[in-house]
Amino acid sequence: MTVLDTIRGRLVVSCQADPGEPLDDPAHMVALARSALRGGAAAIRAQGLRDLRALRAALPGTPLIGLVKDGTCGVYITPTLAHAEAVAATGVEIVALDGTRRPRPDGLSLAETVARLRARHPDVLVMADLAEAADGYAAVAAGVDLVGTTLSGYTGGAVPQDPDLALIGALAEALPVPVVAEGRINTPEQAAAALRHGAHAVVVGTAITRPAVVTSRFAAALVTSPEMS
Ligand SMILES: CC(=O)N[C@H](C=O)[C@@H](O)[C@H](O)[C@H](O)COP(=O)(O)O
């Protein structure tokens, strides 16, 4: 069975911690990933070479989607060919990279990045993290294997609250490659809705693996609760 078959219709759990967060430790990421797999995840998405190496060693049979974040704005998800090659070298099955049409910091096009990555790592699949539908056509033309809605809502303006189900549907209808739903999928119902909109798989991060954020949502609800007044 191919990796894409393994994740079809399934949940992928993103295990990431920002620098300095209490969970920012590869051992914690491995424990989160093991918990996610126990709960029914089919694959893990993770960030950073240190965490990817730890996850690869601990979970040899689990499909991994790997990326490196460099910064927090602009093109920061696996922004250059060098980042992509370093991610591939950790042994992940899928390298996720920025798949928007914005200029990349190393001056390469997405097509050049994909071609050069494949030349060195012929077995790795390339996932393009997109922000809008037009990115999808360009990413497919550049030769990516799958796309994700990861960057929808994160390229300017206020970040919406809900997942971009419309983009999931539009990409799934238009593109000949699998579309992974990712970004602000915070409930099981939203995950199921993403599949109904045509997603091949659903990535959930924050709602499962960022307890500080999840806690803050509960805490904020109590502060604003009418029962308090
Ligand atoms: C925009 C961006 O940088 N997204 C990152 C991509 O890997 C992660 O910070 C997200 O947690 C991930 O996409 C999962 O999304 P959510 O945490 O909303 O379920």
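## A walk across the parallel strands

Select strand β4, residues 94-98: five of its five residues are buried, so the strand is mostly covered. Keep in mind that this is a predicted model.

Now add strand β3, residues 64-67. β3 and β4 run parallel and are joined by two bridges. To find the register, pick Gly66; Val95 in β4 stands opposite. Then trace the connection. From β3 the chain passes through helix α4, residues 81-89, to reach β4, in a right-handed β-α-β crossover.

Go to the next partner of β4. Select strand β5, residues 125-129, which is parallel to β4 and linked to it by five bridges. Here Ala96 stands opposite Met127. The path from β4 to β5 leads through helix α5, residues 110-120, and this crossover is also a right-handed β-α-β one.

Stay on β5 and colour by burial. Why is β5 called largely enclosed by the rest of the structure? Five of its five residues are buried. Check each face in turn. Leu125, Met127 and Asp129 lie on one side, Val126 and Ala128 on the other, and all are buried. In a regular strand, side chains alternate between the two faces of the sheet.

Next, select strand β6, residues 146-148. β6 runs parallel to β5, with three bridges between them. Ala128 has Val147 as its bridge partner in β6. Helix α6, residues 133-141, completes a right-handed β-α-β unit with β5 and β6.

Centre on Val147. Beyond its neighbours within four places in sequence, Val147 is in contact with residues including Met127, Ala128, Leu130, Ala139, Leu171 and Val180. Zoom out to the core. The largest nonpolar core has 61 residues, and Val147 is among those with the most contacts inside it. Show the others on that list as well: Val12, Ile44, Val95, Val126, Met127 and Val202. Nonpolar side chains tend to be buried together in soluble globular proteins.

Move to the ligand. Which residues are closest to the ligand? Ser14, Tyr154, Arg184, Gly205 and Thr206 are, in a shell of 16 residues. Two elements, β8 (201-204) and α9 (206-209), each give two or more residues to this shell. Colour the shell by type: eight residues are nonpolar, six polar and two charged.

Finish at Gly40, in the loop between α2 (26-39) and β2 (43-47). Is Gly40 buried or exposed? Gly40 is exposed, because just 9 other C-beta atoms lie within 10 Å, and the cut-off for exposed is 12 or fewer. For a last distance, pick the C-alpha atoms of Gly40 and Asp145: they are 24 Å apart, with 105 residues separating them along the chain.

Definitions and conventions: Residues are numbered from 1 along each chain as its sequence is written. This is a predicted model: local features need pLDDT of at least 70, side-chain atom pairs count only at pLDDT 80 or more; totals for chains, interfaces and linings use all residues. Helices (H or I, at least four residues) and strands (E, at least two) are DSSP runs, numbered from the N terminus. A residue is buried if 20 or more other C-beta atoms lie within 10 Å of its own, exposed if 12 or fewer, and partly exposed in between; C-beta atoms are placed from the backbone. A residue is near a molecule or strand if its C-beta atom, placed from the backbone, lies within 6 Å of it. Ala, Val, Leu, Ile, Met, Phe, Trp, Tyr, Cys and Pro count as nonpolar, Asp, Glu, Lys and Arg as charged, and the others, Gly among them, as polar. Two strands pair if DSSP finds at least two bridges between them. A crossover is right-handed if, with the strands pointing away from the viewer, the path from the first strand over the helix to the second runs clockwise. A nonpolar core is a set of buried Ala, Val, Leu, Ile, Met, Phe, Trp, Tyr and Cys residues joined through C-beta atoms within 7 Å. Two residues are in contact if their C-beta atoms, placed from the backbone, lie within 7 Å.
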